[in-house]
Amino acid sequence: MSETKKTDADVSTAPDEREVLLKVEGLQKHFPIRKGVLQRQVGAVKAVDGIDFEVRKGETLGVVGESGCGKSTMGRVITRLQEPTGGSIHFEGQDITRLKPAGMRPLRRDIQMIFQDPYGSLNPRHTIGGIVSAPFRLQGVEPEGGVKKEVQRLLELVGLSPEHYNRYPHEFSGGQRQRIGIARALALKPKLVVADEPVSALDVSIQAQVVNLMDDLQDELGLTYVIIAHDLSVVRHVSDRIAVMYLGKIVELADRTSLYEAPMHPYTKALMSAVPVPDPKRRGAKSERILLRGDVPSPISPPSGCRFHTRCWKATEVCKTTEPQLIELRPGQRVACHHPENFADQAPQDTVLLSVAKEAASLVADEVLAESAETSAAVAAEVASPETAGVADTEVSEEVSEKPEVKITKTGPGAKTEDQSTHSGARGTARPTPTDPQPTDEPEAPSQESTDS
Amino acid sequence: MTELSKTGAALGEPAPGNAPDAFLAVRDLKVHFPTDDGLVKSVDGLSFEVEKGKTLCIVGESGSGKSVTSLAIMGLHRLGARGKNVQMSGEIWLGGKELVSADPDEVRRLRGREMAMIFQDPLSAMHPYYTIGNQIVEAYRVHHDVNKKTARKRAIEMLDRVGIPEPDKRVDGYPHEFSGGMRQRAMIAMALVNNPELLIADEPTTALDVTVQAQILDLIRDLQKEFGSAVVLITHDLGVVAEIADDVLVMYGGRCVERGSVDDVFERPQHPYTWGLLGSMPRIDRETSERLIPVKGQPPSLINVPSGCAFHPRCPYADIPKGDVTRTVRPELQQVGGGHFSACHLSPEDRTRIWTEEIAPKL
Ligand SMILES: Nc1ncnc2c1ncn2[C@@H]1O[C@H](COP(=O)(O)OP(=O)(O)OP(=O)(O)O)[C@@H](O)[C@H]1O
Ligand SMILES: Nc1ncnc2c1ncn2[C@@H]1O[C@H](COP(=O)(O)OP(=O)(O)O)[C@@H](O)[C@H]1O
Ligand code: SF4
Ligand code: SF4
Ligand SMILES: [Mg+2]
Ligand SMILES: [Mg+2]
């Protein structure tokens, strides 16, 4: 049921049966903010604020989210390039959270990181040979056949020529530099590779070369990847499971198919609806797009309760007061939301939308709201016991369809709500005057004007 | 015939030197930079047209000449120290005026009023020490004889228009106090304050998250509808193109390799490089195919552009046309359908066969 990316070899073991390689619990990384001569701590950037996940052997876990949500910080903390301020990290069952450098040393072979910037991450004064052989020197490892031979083998493995050994980084293109970074990361045969935006700086054609390369290397060497990226199309292509982050938290964690076909967290849904689809025929479907208002709030003082409640079109009082826990609602799909999509409501008694949610809802098309109510109702009916299914069906669907307190009526560009009090100009775009008593479906067709010109 | 002459500027009609019908018409534009390493032929014979109310998207890899083209239209290559070091030829017609041969002062007067530009990095286009409001006020007063108070009102109105919350407060903020998405909006407000008839946007959303990108594209679309401007949008993201373009121009090595309506280019692409771009792209709307189909090799040097077809070192079909024509003869744009042009030596039969049998099924 949960699908894997590759059709060959590893289909036999579903990802959730594989051995856990890395386990992260309650992971936290707060950066202190200091002020004044005394450098007193006045606050903290809560870059990663309590996340749990595990990575299984041979799989690729993708991590997505908007800029600043803590993806890179998470990557640097799980590789222990930065110290966590809370929580724990287990690698192959061993607690590595507080290991001292000496204790981490052997693990440095097993856990490697690939960085986003193929320009900044290679020392310009070292030759390619020097760069790729550095891990051997640092670890005091002498590969069979000598360092040079092994480095040349690695260069070939990533599609470079062994003759590149004595050249310098500036002689290479972005895609080639990224290959050099990959060769270096693979030198010591790591078990886990954490790649932070490995292809973001590359052109699409080159991006595809590197994605294919990483794919081949995983098959060949049995690597496990954590791939951090903001490009949802790339992440979908490379990942078996995907974690969606928002303001330092994981809001949804699921296998690829479930996440893309039936996302449960409203944020996941909005994020995916915003990805431009390279198909001009789909332009009509654009009304399905969920525009989020404004920007991501500051991680210094994240919103109370659910951190997404300031931008969510489904937010109710409970969202503001109570933080939803990341729980497994479907096998293999963990979600932190009181009113998930495609699933029965987790707080059905709480039906009054916050006023911010009403504003946010005005940017969400009717079809989307209707569909979400429908699927939630259907799931609720399914979940209800078979004997009462018929009864539950009607009850629940009524309840769900009632839930959006304000009925949304779409009027041209600025859809609006019946509740006039919510008209505080979500986008400042031209919209009907607030006193307009009844939102009509379509403004009268300006038949005269159109024939004039 | 009429259809041809509308889109057929590349084929040399209407005759060079005559004002075209289209609002913006670029003909055989060349922009070369002499450098220590040799002459960089950033743009080498580019032609296209854009009507008012329409959006042309220019796509291509980095270094293919997209930004140089947009700066040429804006007349920005001839400014300052850079200006001494550029060789420009060809024609750029904007509303019946030719800009390449025009007096730089005249072009400056058009800039900001009839044509405006949005850059990838808003910080580079904004002054860090002036408030957002002052910068918009200045942009407005250069072209309008109004007092500061009126101009400020206009600035607030524009910030509101692009969706900045509390514009009357935000107007006094500095660029660094705005988030990336808000800065991009503020720059759009600045670019649009004089209702330009041509808006050039160079990778306006590349640095932004998809959520903000969707907001900005929506905004550009709405504003275009309202003001009927012509828009040239430069991007390397084919998803953005499919979303917003009427016409598409694919650039490779400083030249156009394919041009047509958005439907032509996505549904009946005729050039091997366009096929490569489509195959390289993971798609969120399709079953995940086993593998991407990358374009092998590296983008070309613009100093030693490969002979013949510049794409030949990377093209899987370079050996199909007879003889060594792909390596010796540069293919010119040819019409391959109404308003659809491609520069490739492959015969129409070969192109159709390769597209329908080899490429399309794998996308
Ligand atoms: N050393 C640091 N000191 C203070 N704050 C930091 C530090 N490193 C990161 N942050 C903050 O932590 C938050 C998360 O940053 P991080 O780099 O992990 O984001 P990200 O998700 O990788 O974003 P992007 O997609 O832009 O790379 C941000 O608000 C960032 O400004
Ligand atoms: N002032 C300049 N001097 C020399 N070369 C330049 C100059 N500006 C741009 N180029 C070169 O022209 C080519 C096209 O650049 P550009 O238009 O910026 O590419 P893109 O398509 O990525 O926007 C590149 O090879 C670039 O290095
Ligand atoms: S419905 Fe509530 S809990 Fe769920 S994402 Fe929205 S605000 Fe958060
Ligand atoms: S002209 Fe030849 S090398 Fe160029 S794109 Fe066509 S087939 Fe390929
Ligand atoms: Mg990052
Ligand atoms: Mg550019």
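How many salt bridges does the rule find across the interface of chain A and chain B? Before I come to that, let me say that what we are looking at is a predicted model, and that I will speak about the interface and then about one pair of helices inside chain A.

To take the question up, the rule finds three salt bridges across the interface of chain A and chain B, while the structure as a whole holds 38 over all chains. One that I would like you to find on the screen is formed by A:Asp216 and B:Arg291, whose closest N and O atoms are 2.7 Å apart. Here A:Asp216 sits in helix α6 of chain A and B:Arg291 in the loop between α12 (272-280) and α13 (325-328) of chain B, so this pair joins two chains. Another salt bridge brings together the side chains of B:Glu267 and A:Lys281, at 3.5 Å from N to O. Besides the salt bridges, there are 14 residue pairs in polar contact across the interface of chain A and chain B, with both residues of each pair at pLDDT 80 or more.

Now, which elements of chain A give two or more residues to the side that touches chain B? These are α6 (204-221), α7 (232-238) and α8 (256-261) of chain A, and it is α6(A) that gives the most, with nine residues. If we sort that side of chain A by class, we count 16 nonpolar, 13 polar and 18 charged residues.

As for the extent of the contact, 47 residues of chain A and 52 residues of chain B take part. The size of an interface is often given as the accessible area lost when the parts come together. For chain A and chain B, the area buried between them is about 4,300 Å², with 51% of it on carbon and sulfur atoms.

Let me turn to the helix pair. In chain A, the axes of helix α3 (residues 128-139) and helix α5 (residues 174-186) come within 7 Å and cross at roughly 30 degrees. Angles under 35 degrees count as roughly parallel, and α3(A) and α5(A) are therefore roughly parallel to each other. On the α3(A) side the residues are A:Ile128, A:Ile131, A:Val132 and A:Pro135, and they meet A:Ile180, A:Ala183 and A:Arg184 of α5(A). By class, the residues of this contact between α3(A) and α5(A) comprise six nonpolar, no polar and one charged.

Definitions and conventions:
Residues are numbered from 1 along each chain as its sequence is written. Chains are lettered from A and ligands numbered from 1 in the order in which they are written. This is a predicted model: local features need pLDDT of at least 70, side-chain atom pairs count only at pLDDT 80 or more; totals for chains, interfaces and linings use all residues. Side-chain values use heavy atoms; hydrogens and water are left out. Axes are lines fitted to C-alpha atoms, for helices over the stretch in contact, and angles run from 0 to 180 degrees between N-to-C directions. Helices (H or I, at least four residues) and strands (E, at least two) are DSSP runs, numbered from the N terminus. Angles under 35 degrees count as roughly parallel, over 145 as roughly antiparallel, 65 to 115 as roughly perpendicular and the rest as oblique. Contact means heavy atoms within 4.5 Å. Ala, Val, Leu, Ile, Met, Phe, Trp, Tyr, Cys and Pro count as nonpolar, Asp, Glu, Lys and Arg as charged, and the others, Gly among them, as polar. Buried area is the accessible area (1.4 Å probe) that two parts lose on being put together, summed over both. A salt bridge is a side-chain nitrogen of Lys or Arg within 4 Å of a carboxyl oxygen of Asp or Glu. A polar contact is a pair of N or O atoms within 3.5 Å; within protein, one must be able to donate a hydrogen and the other to accept it, and residues adjacent in sequence count only if both atoms are side-chain atoms.
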